[in-house]
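Hi,

Here is the structure I said I would pass on. Have a look first, and my notes on what turned up are underneath.

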Amino acid sequence: MATARPRRIEYSESTRQALVDSAVELFTEHGYSQTSLDEIAKRARVTKGALYHHFGGKQALFEAAFSAVETGVVARLSEVVSDSGDPWEATRSGLRAFLEVCLEPSYQRIVVQDGPAVMGWDRWREAEEAYTFGVLRAVVANLLASGEIGDDLPIDALARIMFGALSAGATAIAGSASPIQERADIAVCVERVLNGLRVG
């Protein structure tokens, strides 16, 4: 028989979630450098002591916010690419969905703009590979297995090339004065490159 979870544990988890949610909102609105821990604790309606109970400092809380944003993105992209039984259409749908994500303020600010500076390039790249790169690699593996783009290309090399192109596209969209048009332009280029890989 299932036992009830202690209220203390539930309260601790809800407190942590409130802090992460508040951090995502404030880091998105104001950026890392212009957001204080006092503001985050206030929005989460917890004490600063409670904040330090869960997080060692501002960077640790930023990394938790980064993880929350990326986890949500991976869940949505995974759903998109699994909806189609056709590997080719799954790839196209997944790429379009990713470029739509690149228009979202939280992804732009936390993952693309502030992430590399706050976490450091190596740590940020490692985190990125643990999230969106994993989805992309699985898509590429399925595409190669289907024979749509042949079966003689190395999975990791192709996935990294595509990931690099999409990361550059995300940066361009986040920094553009016309992000919707930038996203549309990049989508056309990505589609053209993908079609160029298709066998037959």
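**The cavity**

Searching the whole structure turns up 1 cavity of 30 Å³ or more. Before going further, please keep in mind that this is a predicted model. The largest cavity holds about 160 Å³ of space. It is lined by 13 residues, and those closest to its centre are Leu77, Gly94, Phe98, Leu136 and Leu166.

Which helices build that lining? At least two residues each come from α4 (58–83), α5, α8 (132–146) and α9. The biggest contributor is α5, with 5 residues. By class, the lining of the largest cavity splits into 10 nonpolar and 3 polar residues, with no charged ones.

**The fold around it**

For orientation, the protein chain has 10 helices and 0 strands, so to speak a plain run of α-α-α-α-α-α-α-α-α-α along the sequence. Its C-alpha atoms fill a box of roughly 60 × 55 × 25 Å along the principal axes.**Where α4 meets α5**

Since α4 and α5 both feature in the cavity lining, their packing is a good place to go next. The two helices have axes 8 Å apart and pack at an angle of about 155°. That angle makes α4 roughly antiparallel to α5. Their crossing is right-handed.

On the α4 side, the contact involves Val73, Arg76, Leu77, Val80 and Val81, which meet Ala90, Ser93, Gly94, Ala97, Phe98 and Val101 in α5. Sorted by class, that gives 8 nonpolar, 2 polar and 1 charged residues. You will recognise Leu77, Gly94 and Phe98 from the list of residues closest to the centre of the largest cavity.

**α4 again, this time with α6**

Helix α4 also packs with helix α6 (residues 105–119): the axes come within 10 Å and cross at roughly 140°. With that angle, α4 and α6 are oblique to each other, and the crossing is left-handed.

The α4 residues here are Gln59, Phe62, Glu63, Ala65, Phe66, Val69, Glu70 and Val73. Facing them in α6 are Ser106, Tyr107, Ile110, Val111, Asp114, Gly115, Val118 and Met119. The contact of α4 with α6 counts 10 nonpolar, 3 polar and 3 charged residues. Val73 of α4 is listed in this contact and also in the one with α5.

**α5 with α10**

Helix α5 (residues 87–101) has a further partner in helix α10 (residues 179–197), with the axes 10 Å apart and an angle of about 160°. That leaves α5 roughly antiparallel to α10. The crossing of the pair is right-handed.

From α5, the contact takes in Trp88, Thr91, Arg92, Leu95, Arg96, Leu99 and Glu100. From α10, it takes in Arg183, Ile186, Ala187, Val190, Glu191, Leu194 and Asn195. How do these residues divide by class? There are 7 nonpolar, 2 polar and 5 charged residues in the contact of α5 with α10.

**The largest pocket**

Apart from the cavity, there is a pocket to look at. The largest pocket contains about 200 Å³ of space. Its lining is made of Leu95, Leu158, Ile161, Met162, Ala165, Leu166, Ile186, Cys189, Val190, Val193, Leu194 and Leu197. Two or more of these residues come from each of α9 (155–175) and α10, and α10 supplies the largest share, 6 residues.

What classes of residue line the largest pocket? By class, the lining has 12 nonpolar residues, no polar ones and no charged ones.

A few names carry over from the earlier sections. Leu166 lines the largest pocket and is also listed among the residues closest to the centre of the largest cavity. Leu95, Ile186, Val190 and Leu194 are in the pocket lining and take part in the contact between α5 and α10.

That is what I have for now. Shout if you want to go through any of it together.

Cheers

Note on methods:
Residues numbered from 1 in each chain as written. Predicted model: local features only at pLDDT ≥ 70, side-chain atom pairs only at ≥ 80, totals over all residues. Heavy atoms only, no water. Axes fitted to C-alpha atoms, helices over the stretch in contact; angles between N-to-C directions. Helix = DSSP H or I, 4+ residues; strand = E, 2+ residues; numbered from the N terminus. Parallel < 35°, antiparallel > 145°, perpendicular 65-115°, else oblique. Left-handed = near helix turned anticlockwise from the far one by under 90°. Contact = heavy atoms within 4.5 Å. Nonpolar A, V, L, I, M, F, W, Y, C, P; charged D, E, K, R; others polar. 1 Å grid on protein atoms, 1.4 Å probe; cavity = no way out; pocket = protein on both sides within 12 Å on 5 of 7 lines; lining within 4 Å. Points joined across faces, edges and corners; volume = space filled by probe spheres on them.
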